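Grab your viewer and work through these short exercises. Each one comes with a solution you can follow step by step.

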Amino acid sequence: MKNYLTIAALLILSACKVSKDVQVPDQQLPNAYRTSTTTDTASIARLPWKSFFTETTLQNLIDSAITRNNDLQIAVKNIEQAQLTLKQAKLGYLPSVGLGVTAGINRPSDNSLNGLSLSQFLGSKHIEDYNASANLSWEADIWGKIRSRKAAALATYLQTEEARKAVQTQLVANVSSGYYNLLMLDAQLEIARKNLRLNDSTLRIIRLQFDAGQVTSLAVQQAEAQQLAAARLIPQFEQDVTIQENALSILAGKLPSAVIRNQTLESVPVSQTLSAGLPSTLLSLRPDVRSAELAVERANADVGVAKASMYPSLVITAQGGVNSFRASNWFNIPASLFGTAAAGLTQPLFQRGQLKTQYQVAKVEREKTVLQFRQQVLLAVGEVSDALVRLDKLNQQRQAAATRANTLRQATGNASMLFKNGMANYLEVITAQSNVLQSELELASIKKAQLDATVELYRSVGGGWR
């Protein structure tokens, strides 16, 4: 009866957990983002990246990056490593078993008690010992230590999976932003070349007027300076194009090479109806937020392991096999069989406060993970709000910039016509050409910023890993 009571008591103890988990804090998120302009609760984060980015060249770049990018491959290897650790943790409830085979010989001194006894009773000056045995050891999970280790390993594994998703979302965003930057540089390079051709035409006219004595050398010098300013931009943009192509190639896991483009910056549409969904969806859709939440779970498990280490450990051991002091009788069954079993309850008493310190450090680490989770949620909500307001305000900026650029194009045409007819001076022409160059470059930059804002919104709401 006592044995049954003991077993029942151990089963009850094994269901105990010595530490109390800290719950993931409720952030009390708002029903909508501060700068949201739509009431649609669906989030673009649920769209696969191939549905969000539909241009073929960009899709090929992203697909190559996901397949071959080294940073993403490292994240995949981290997952494989965590999987192995998790499999090992799942085996924590199983006993450890070892096999051993030993053979030994012992020759005591003839003048020793053992030597005299051997000579008298066995007629031998040495004794042999042959042993083959299986050893079993099993620790009862009384305080949930093994269960906590398993929970920590599971949380770590899930964190590595979320880390891979986070790397992929950032990778998709980087490739997309780099591609749009390449299209912007193409547009700006063409603007610079067109403006250079316009300056060349103006310079030829001014030189003809100088030869005819209608203008001074100052007019020629200022026209030449304006032409050189436009000419300087061309190699600068060509350099930037090559550097951006190299960066995209490296992101795609390839050696630097040219990137073929099948569209222009102007042909890329900017959607005005992108929905960020509800702030509460970030908790499940954004990999970094989910990883921070899993960090709290892992910290809870680590506290459980540290706390359980301060309590007694029940270890059951058993050994059995065959043993003989003569090789000829080694496997004489059942005479050579032996077996032992034991159970030990070990309580750590004095370890200079190490176990208590480890437990206190684990609790502090858990408090840190809670704070980090809160901060990560705040940052996520802030990033989405920033992307939304950029989309809204950049659209207004682009409308104004487009109107200004169109006005300046007309002004440049009028100034050139008036100059040819002697109704405007060269300064008005040069000023008009300089203004239109800057306005068109600015318009291309704003369009690229709009595309970047759409990419950032897609990433910030958790899109890109599907």
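**Exercise 1.** Work out whether threonine 340 is buried, partly exposed or exposed in this predicted model, and then find what surrounds it.

*Solution.* Start with the relative accessible area of threonine 340, which is 47%. The partly exposed class runs between the 20% and 50% cut-offs, so threonine 340 counts as partly exposed. Next, place the residue: threonine 340 sits in strand E4, residues 337-346. Now skip the neighbours within four places in sequence, and the contacts of threonine 340 are Thr317, Ala318 and Gln319. Finally, check a C-alpha distance: glycine 321 is 19 residues away along the chain, and its C-alpha lies 9.5 Å from that of threonine 340.

**Exercise 2.** Do the same for threonine 431: which helix holds it, and how far is it from glutamine 226 in sequence and in space?

*Solution.* Look in helix H11, residues 426-460, and you'll find threonine 431 there. Its relative accessible area comes out at 43%, which makes threonine 431 partly exposed. Then take the pair: threonine 431 and glutamine 226 are 205 residues apart in sequence, yet their C-alpha atoms are 9.1 Å apart. For the wider picture, take contacts in the protein with a separation of 6 or more: 83% of them join residues 24 or more positions apart.

**Exercise 3.** Compare the reach of helix H9 with its expected span, and explain why H9 is largely enclosed.

*Solution.* H9 covers residues 287-308, 22 residues in total. From first C-alpha to last it reaches 31 Å, close to the 32 Å expected at 1.5 Å a residue. Now the burial: 17 of those 22 residues are buried, so the rest of the structure largely encloses H9. As a backdrop, 40% of the 466 residues of the protein count as buried.

**Exercise 4.** Find which residues touch the most other members of the largest nonpolar core, and which helix gives the most to it.

*Solution.* The largest nonpolar core has 65 residues, and Phe53, Ile62, Val175, Tyr180, Val384 and Leu457 touch the most other members. Several helices each supply at least two residues of this core, among them H3 (56-68), H7 (217-251), H9 and H11. The top contributor is H6, with 14 residues. To zoom in, pick tyrosine 180: leaving aside neighbours within four places in sequence, its contacts include Phe53, Leu58, Leu265 and Val268, as well as Lys448, Leu451 and Val455.

Technical notes
Residues are numbered from 1 along each chain as its sequence is written. This is a predicted model: local features need pLDDT of at least 70, side-chain atom pairs count only at pLDDT 80 or more; totals for chains, interfaces and linings use all residues. Side-chain values use heavy atoms; hydrogens and water are left out. Helices (H or I, at least four residues) and strands (E, at least two) are DSSP runs, numbered from the N terminus. The expected span of a helix is 1.5 Å times one less than its number of residues. Buried means under 20% relative accessible area, exposed over 50%, partly exposed in between (1.4 Å probe, protein chains only). Contact means heavy atoms within 4.5 Å. A nonpolar core is a set of buried Ala, Val, Leu, Ile, Met, Phe, Trp, Tyr and Cys residues joined through side-chain atoms within 4.5 Å.
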